[in-house]
Amino acid sequence: TEIDIARRVGENDTLYGSVTSADIADALKAKGFDVDKRKIQLHDPLKALGESTIPVKVHRDVTAQVKVKVVAATSA
């Protein structure tokens, strides 16, 4: 599956903060997938805009790939 996570950005499209496995788990839950954040194999938090493919350990022998797209949040 593919999820979009919006974050505030500063000059030169640098992120304020980062995207963690907890953020990814929350975004997956919003899409109807209940995934424990410890099953998301994110070695380092995402600190830049763009797409990343993150492995998610669904079962001992099954690993799914989730495409995470970090986008700039639109100011309201």
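Which residues of the largest nonpolar core touch the most other members?

1. In this predicted model, the largest nonpolar core holds 16 residues. Those that touch the most other members are Ile3, Ile5, Ile24, Ile40, Leu46, Ile54 and Val68.

2. Several elements supply two or more residues to this core: the strands β1 (2–7), β2 (14–19), β4 (50–59) and β5 (62–72), together with the helix α1 (21–30). The greatest contribution comes from α1, with 4 residues.

3. Leu46 merits separate mention. Apart from its neighbours within four places in sequence, Leu46 is in contact with Leu15, Ser18, Val19, Ser52, Ile54, Val68 and Val70. Two of these partners, Ile54 and Val68, also appear among the core residues that touch the most other members.

4. The largest pocket encloses about 160 Å³ of space. Its lining consists of Thr1, Leu28, Phe33, Asp34, Val35, Asp36, Lys39, Val56, Lys57, Val58, Ala64 and Val66. Both β4 and β5 give two or more residues to this lining, and β4 gives the most, with 3 residues. By residue class, the lining comprises 7 nonpolar, 1 polar and 4 charged residues.

5. Is Val58, a residue of the pocket lining, buried or exposed? Val58 lies in strand β4 and has a relative accessible area of 54%; because the cut-off for exposed is over 50%, Val58 counts as exposed.

6. The surroundings of Val58 complete the picture. Leaving out neighbours within four places in sequence, Val58 is in contact with Thr63 and Ala64; Ala64 also lines the largest pocket. Val35, another lining residue, is 23 residues from Val58 in sequence, with 8.1 Å between their C-alpha atoms.

Definitions and conventions: Residues are numbered from 1 along each chain as its sequence is written. This is a predicted model: local features need pLDDT of at least 70, side-chain atom pairs count only at pLDDT 80 or more; totals for chains, interfaces and linings use all residues. Side-chain values use heavy atoms; hydrogens and water are left out. A nonpolar core is a set of buried Ala, Val, Leu, Ile, Met, Phe, Trp, Tyr and Cys residues joined through side-chain atoms within 4.5 Å. Buried means under 20% relative accessible area, exposed over 50%, partly exposed in between (1.4 Å probe, protein chains only). Contact means heavy atoms within 4.5 Å. On a 1 Å grid over the protein atoms alone, a cavity is a set of points where a 1.4 Å probe fits but cannot get out, and a pocket is an open set with protein on both sides within 12 Å along at least five of seven lines; lining residues have an atom within 4 Å of a point. Grid points are joined across faces, edges and corners, and a volume is the space filled by probe spheres set on the points. Ala, Val, Leu, Ile, Met, Phe, Trp, Tyr, Cys and Pro count as nonpolar, Asp, Glu, Lys and Arg as charged, and the others, Gly among them, as polar.
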